[in-house]
Amino acid sequence: MSGPGAAAAPARPEADPAPKPEPKPASAPKPVSVPAPVPEPESKPLPVPAPELLPVPAPKSAPEPEDEPEDEDALAFEADPEEDEPAPMSVSAQAVDRHSGRRRLKAALWPPRMSRGQLVVAVLLFSLGLGLAIQVRSTNDHHSQLRGARQEDLVRILDELDSRQQRLQQEKAELEQSLAKLENSSNQAKEAQEQTRKKVTELGVLAGTVKATGPGIVLTVDDPQGQVKADMLLDTLQELRAAGAEAIQINDVRVVVNTYFTDVSGGGVQIDGKKVSAPYRFTVVGNPQDLTPALNIPGGVVRTLESHQARATISQQQKVVVDALVDLKTPQYAKPAPK
């Protein structure tokens, strides 16, 4: 409207930009409500019941582990023996434990587990030990007999050993001489025949098919009590052979390599199946200086016969005759072996 009293309206601009929003004043930050700290409940100690009301814990199978010492050896020495002590066992449990332990020990020891080599070594060691024990015992027995011998007896034993050595040396020299003759002879065939005839004669004396004569002794054994047995006569024969006897005759029986002795139930002795009664007369061809000491050594034939109430008499002679002969038998099974 226009009029004198009207106020003139402000002229609007043609392009009036949009009014800008007025910046709002920054509002004050709202207070953040922080929850008040909740007071922690005071830890009150639990009531401890009286010791007598506490439950008894069950026994533990193993002690609680402790701090291991640095040295294992120190652990062995510092261990408490009371803690390592096993729990007591009942009598029946101990008996069962001992029984099972014995069974395990028996199973481990028997049967013995040995290899074949160990078994062979064990047998060899046992044989060696047995042989040494027998040798030591026989040596001690022999030394004990000589320890109690008189001086003249020891002299006779030494003379016998010297005579035996000389006899062996003489036999060796004769064999070497025969070999030299056979090798150096111009007619070796004739020389061989001569030596063969000589050897046949010697073997006939040993075999009992030829009579023998020479120096020797006659041993007479009187047995009034009948205490002399076959084994005593056999010991006498062996002693004479060891002393160098070359031909032996007992009463009227020729003694050869296969001669045997047996006792007779009614008394007396059989030699090669022939009965021989006391007195027993040994006719022996050999060196009297060797034969006599061999029979008289301490613990020898004469002493043994005298201990059985028998009497032995020895007669040395420069010439004795062994005239009993044996029938030569052809061997049934033995044959000459090829060279």
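Here are some friendly notes to help you find your way around this structure, which is a predicted model.

1. **The main core.** A good place to start is the largest nonpolar core, which has 30 residues. Leu240 and Phe282 have the most contacts inside this core. At least two of its residues come from each of strand S1 (212-222), helix H7 (230-242), strand S2 (247-250), strand S3 (253-255), strand S5 (269-271), strand S7 (280-285), helix H8 (288-296) and helix H9 (301-307). Among these elements, H7 gives the most, with five residues. As background, nonpolar side chains tend to be buried together in soluble globular proteins.

2. **Phe282 up close.** If you would like one residue to click on, try phenylalanine 282. Beyond its neighbours within four places in sequence, phenylalanine 282 is in contact with Ile217, Val218, Leu219, Val221, Leu233, Thr236, Leu240, Ile248, Gln249 and Ile250.

3. **A second core.** Another core, of seven residues, lies apart from the largest one. Its members include Val218, Ala247, Val285 and Val320.

4. **A three-stranded sheet.** Next, look for the open sheet whose strands follow the order S4-S5-S6 and pair in the antiparallel sense. Strand S4 (261-263) and strand S6 (274-276) are at the edges with a single partner strand each, so each has one side without a neighbour in the sheet. On average, and ignoring direction, neighbouring strands here are turned by 35° against each other.

5. **Inside that sheet.** Three bridges join S4 and S5 in their antiparallel pairing. Aspartate 263 has valine 269, in S5, as its bridge partner. Helix H7, already met in the main core, lies across S4 and S5 and runs at about 160° to S4.

6. **The largest pocket.** Now for the open space: the largest pocket holds about 1,500 Å³. Its lining is made of 41 residues, and those nearest the centre are Glu171, Glu174, Glu202, Leu206 and Glu246. Two or more lining residues come from each of helix H5 (151-184), helix H6 (188-207), S1, H7, S2 and S3. H5 gives the most to this lining, with 11 residues.

7. **Asn296, a polar residue to check.** Is asparagine 296 buried or exposed? Asparagine 296 counts as buried because its relative accessibility is 18%, and the cut-off for buried is under 20%. You will find asparagine 296 in helix H8. Leaving out neighbours within four places in sequence, asparagine 296 is in contact with Arg156, Val302, Arg303 and Ile314.

Terms used. Residues numbered from 1 in each chain as written. Predicted model: local features only at pLDDT ≥ 70, side-chain atom pairs only at ≥ 80, totals over all residues. Heavy atoms only, no water. Core = buried A, V, L, I, M, F, W, Y, C linked by side-chain atoms within 4.5 Å. Buried < 20%, exposed > 50% of the residue type's maximum accessible area, 1.4 Å probe, protein only. Helix = DSSP H or I, 4+ residues; strand = E, 2+ residues; numbered from the N terminus. Contact = heavy atoms within 4.5 Å. Pairing = 2+ DSSP bridges. Axes fitted to C-alpha atoms, helices over the stretch in contact; angles between N-to-C directions. 1 Å grid on protein atoms, 1.4 Å probe; cavity = no way out; pocket = protein on both sides within 12 Å on 5 of 7 lines; lining within 4 Å. Points joined across faces, edges and corners; volume = space filled by probe spheres on them.
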